[in-house]
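Welcome! Below are some short exercises, each followed by a worked solution. Please look at the structure first, then try each task before reading on.

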Amino acid sequence: MESIEACATHYGDDADAMREFLLAGHERAMELDNRGPIAFDDQGNLEPHILAAYRKYGFYVFTGVLNADELKDIDDDLTSMKMSFPAGPGEKLTADGAPALGADCTAPNLVWSKPLGDPLGGSALANGRHQVKLHEPKAAANAPEWAPFILLGSLQFSEACLRVYGHPQLLEVAEAINGKDFSPFNETLFIKEPGIGAAVSWHQDGTTHWDSEAFDEDIHGFNFMAQLYGSTAVNGVWVLPGSHKVGKVDIKKLVEESGSERIKGTVPLVCDAGDVIMCNRQLVHGSFANTGFEPRITVNMGFHRRSSVLDVMGAGTHNEAQVFDDTLISKRSEVIGYGIDARRQRFPDETPYKYQPFLEKGLSYTWNSDAKASLRDYNAMDLSI
Ligand SMILES: O=C(O)CCC(=O)C(=O)O
């Protein structure tokens, strides 16, 4: 409640409307029948009620996926990554003058924003998919000049995140949605620190397949959004349930019809630390600047159907546009093998996931220092569609 109040006060004349929007959205989200543990039936298939709810709403909240040890590992990695963040945008050194995280990379990594800004909204960035600019609340006078916002290619910087990527049940779910030969998309961290974390304006993620003859609700894939601290109406992503089925949405029109950026019918992704949301990339979604008191760190990891990426010209949203041939997809998929093995080493009692394309080709992967070095700039091969 305190964060909702703090958030509302940043909206001037709209404070009451914002407070009501946050409260009502939270209530509606909690009434939906799309949350619970990952579960499989006797045949090992994802429980039909999970699939049905995901299909209906376009998102599902898997509860209790990451345990306390795993969350602590991610938190520790986050602390050390933050200590090696560059002093600011474009800098190669930390504030202490040490070489910064990603300074030796050529692919993009840390993206910054003005505190509480909406750097993508209304811009041509990311193929212009963020059609409107959200309200940019005023940050406190002592806020830093720049706020860390998105970390691209995150698995090269965090073994704990790599181990989440190799989570056997999550990979089983990826298989259930996208088939045994599913392919990666990309992996990022969304960093929404209280008082400075930026907004991500309303958008749908897909670019390439809106006009495809084979268009359907799964053609642009989905993201897992694992939550380190949980997610709330104030700091979390909001979605328009069911909008993943309807094709490209005119978001400007939705905002006009809603009378404000508070799009009618949207709900926040509300969950606890250790929960993982599965979110269809075609859903209309976005997040407001984090004017509350709780941080949100999302370990984001996307997956596609192979047919959505094979021999497709990429969108160029997260890296240079290129055609994704079989060789590139295989190379980009190595990180699945490293994730599985890194996880096996840390959690030896789990049964590791078996990825069909590796079984077919007789491939196996070992996570070690050479493998770690091989991940540098791996996100230049992100399968961005
Ligand atoms: O985490 C957020 O605030 C935005 C996430 C998002 O837009 C995405 O994953 O596509």
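## Exercise 1: One helix and its cover

The cover over the buried residues of α7 includes β7 (222-227), β10 (276-280) and β12. Here contact means that the C-beta atoms of two residues, placed from the backbone, lie within 7 Å. Helices (H or I, at least four residues) and strands (E, at least two) are DSSP runs, numbered from the N terminus. This is a predicted model, in which local features need pLDDT of at least 70 and side-chain atom pairs count only at pLDDT 80 or more, while totals for chains, interfaces and linings use all residues. Residues are numbered from 1 along each chain as its sequence is written.

**Task.** Find which residues of helix α7 are buried, and explain why they line one face of the helix.

**Solution.**
- Step 1: Start with the term. A residue is buried if 20 or more other C-beta atoms lie within 10 Å of its own, exposed if 12 or fewer, and partly exposed in between, with C-beta atoms placed from the backbone.
- Step 2: Apply it to α7, residues 168-178. The buried residues are L170, L171, V173, A174 and N178.
- Step 3: Look down the axis of α7. The buried residues fall within an arc of 155°, so they line one face of the helix. The arc is that of the directions from the helix axis to the C-beta atoms.
- Step 4: Recall a general rule. An α-helix has 3.6 residues a turn, so residues three or four places apart point the same way.
- Step 5: Move just past the end of α7, where G179 has a positive phi of about 90°.

## Exercise 2: Strand β5 and its partners

**Task.** Work out how many residues of β5 are buried, and which way β5 and β12 pair.

**Solution.**
- Step 1: β5 covers residues 183-192, and 9 of its 10 residues are buried.
- Step 2: Two strands pair if DSSP finds at least two bridges between them. Strand β4 (residues 147-152) is joined to β5 by 3 bridges, and the two run antiparallel. Within this pair, I150 stands opposite F190.
- Step 3: β5 also pairs with β12, in the antiparallel sense, over 8 bridges. For L189, the bridge partner in β12 is V299.

## Exercise 3: An open sheet

**Task.** Give the strand order of the open sheet of 4 strands, and say why one side of β6 is left without a neighbour in the sheet.

**Solution.**
- Step 1: The order is β6-β11-β8-β9, and the pairing is antiparallel.
- Step 2: β6 (200-203) and β9 (267-268) are at the edges with a single partner strand each, so one side of each has no neighbour in the sheet.
- Step 3: Inside the sheet, β8 (residues 237-239) and β11 (residues 285-287) pair over 3 bridges. V237 has S287 as its bridge partner in β11.

## Exercise 4: Around the ligand

**Task.** List the residues that surround the ligand and sort them by kind.

**Solution.**
- Step 1: A residue is near a molecule if its C-beta atom, placed from the backbone, lies within 6 Å of it. The ligand is surrounded by F190, V200, D205, N223, V237, H285, S287, T298 and N300.
- Step 2: β11 and β12 (296-304) are the elements that give two or more residues to this shell.
- Step 3: The shell divides into 3 nonpolar, 5 polar and 1 charged. Ala, Val, Leu, Ile, Met, Phe, Trp, Tyr, Cys and Pro count as nonpolar, Asp, Glu, Lys and Arg as charged, and the others, Gly among them, as polar.

## Exercise 5: Two buried residues

**Task.** Decide whether C161 is buried or exposed, and do likewise for M301.

**Solution.**
- Step 1: C161 is in helix α6 (residues 159-165). C161 counts as buried because 27 C-beta neighbours lie inside 10 Å.
- Step 2: Leaving aside neighbours within four places in sequence, C161 touches I74, D77, S154, L155 and V299. C161 and N300 are 139 residues apart in sequence, with 9.2 Å between their C-alpha atoms.
- Step 3: M301 is in strand β12, and with 27 C-beta neighbours inside 10 Å it counts as buried. Leaving aside neighbours within four places in sequence, M301 is in contact with Y165, E187, N223 and F224.
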